[in-house]
Amino acid sequence: MLKKIKTLLAKPFFHSNTTIFWLWTLLALVAMTKLRHGHNNNFLVFRYVFWHTINGQSLYAEYPEYFDINHYGPVFSLVVAPFAWEPVWLGMLLWLVALAWLLFFAVKHSTLSTGQRVFVGWFCAHELLAALFMQQFNIAIVALLLMAFWAIEREKEPWAAFCIMLGTMVKLYGIVGLAFFLFSKHRGKLVMWLAIWAAVMFAAPMLISSPENVVGQYAEWYDNLVTKNQGNMFASAQNISLLGMVRKLSGVATYSDLWLIVPGMVLFALPLLRLSQYRHLGFRQTLLASVLMFVVLFSTGTENSGYVIALVGVVIWYVAAPWKRSRWDVALMVYALIGCSFAHSDLFPHSLRDNIIRPYALKALPIAIIWFKLCYEMAVRKYDAAETEAEPNDLKAEPAKELNYNTSTIGKL
């Protein structure tokens, strides 16, 4: 039986980017079933950001058309504009398909090999579906971070800056893309374009609203995020992060999250002192994986649908290493798939999911374990040579791409 399964999985169908494209498109169509049950609230919130901007109304007030409130920046009004004019069902369909296609595009044009891209496609399919069910912009966030990384790899700093600033001006998450700054061979140019795109995106909503209203909305956005952060601490649907897991397990509300965030930032930054490793593609890709996991683990705003970001990071961590992964690493991948991706779904026992996993934010646990292991590997392992030959189906990392980084210049930063 096992041999038959292996034979089946070896067929070209399971190793094709085209298969992943149509699978992810199908997932977007499946997510449309939520509309039949009236579960399209997030899309309604997004849709009305455009109309409230045009009408000069607050973007962060409560409205009768939907429950909850908007938490995205004013520039999001232009991002969602193409999906706000159609009937709700059509706008939502186009929105979901666009999100799936954007992430597919980002993965397809990433620095990963063909086999690695297909691995991302299958491994992250369930988590992508969960995010699509919620119509969440988190799918676009991971796509923007991937595109920012490969734009820097290809020395296209203007596009890297665009992706970083768009993610930042919409949801703040994109700011972690600044970690790729040290890998840029044109750092001055990158800084210049970051400033240009920040100014452009700040002013862009003024094309459809008055300058006074838009400036006022940025002030409201700040207050909105502060209030949201305070309300997230013990919320069951938010703070599903390492911060939330520690707080919910301890039941203590009086300490500051900085007691966890600062050590986390130190762990994140320590491997960046290894300047000699910068020239190896595997090291740079592993930093990308660290960024994708860090932003989920250390945010009080993390919700279930945000883990599509972390799961892509998990796959990149696994395949980027130029050494053969151990059985423990394989076990961690299985744990991430079951304990993270499946943990909040009907594939998991309801009693365990509703009484243990959700109340204590344990969805973060497998990602946290992998991230700590990743930090250790980046701090001590060498990424300059593969210890074993590539595995079948092009799953292992390609030979490290050597780049002549001027580490003496980097050391002056």
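This passage looks at how aromatic rings pair up, and where charged groups meet them, in a predicted model.

The structure contains 38 aromatic pairs. A good one to start with joins Phe46 and Phe76: the ring centres lie 5.3 Å apart and the planes meet at 80°, so the geometry is edge-to-face. Phe46 belongs to helix H4 (residues 41-54) and Phe76 to helix H5 (residues 76-79), so this contact ties together parts that are 30 residues apart in sequence. Both partners are shielded from solvent by the accessibility criterion, under which buried means under 20% relative accessible area. Phe46 is buried because its relative accessibility is 4%, and Phe76 is likewise buried, at 0%.

A second edge-to-face pair is formed by Phe119 and Phe123, with 5.8 Å from centre to centre and 75° between the planes. Here the partners share a helix: Phe119 and Phe123 are four residues apart in helix H7 (residues 114-123), so about one helical turn separates them. Phe123 counts as buried, with a relative accessibility of 9%.

Returning to Phe46 and Phe76, these two residues are also members of a wider group. Ring pairs connect them with Tyr72, Phe83, Trp95 and Phe137 in a cluster.

Charged side chains meet aromatic rings as well. The charged end of Arg325 is placed over the ring of Trp317, at 4.1 Å from the ring centre. A further arginine-tryptophan contact involves Arg381, whose charged end sits over the ring of Trp323, 4.0 Å from its centre.

Note on methods:
Residues are numbered from 1 along each chain as its sequence is written. This is a predicted model: local features need pLDDT of at least 70, side-chain atom pairs count only at pLDDT 80 or more; totals for chains, interfaces and linings use all residues. Side-chain values use heavy atoms; hydrogens and water are left out. Rings of Phe, Tyr and Trp (its six-membered ring) pair if their centres lie within 6.5 Å; planes under 30 degrees apart count as stacked, over 60 as edge-to-face and the rest as tilted. Helices (H or I, at least four residues) and strands (E, at least two) are DSSP runs, numbered from the N terminus. Buried means under 20% relative accessible area, exposed over 50%, partly exposed in between (1.4 Å probe, protein chains only). A charge sits over a ring if NZ of Lys or CZ of Arg is within 6 Å of the ring centre and within 35 degrees of the ring normal.
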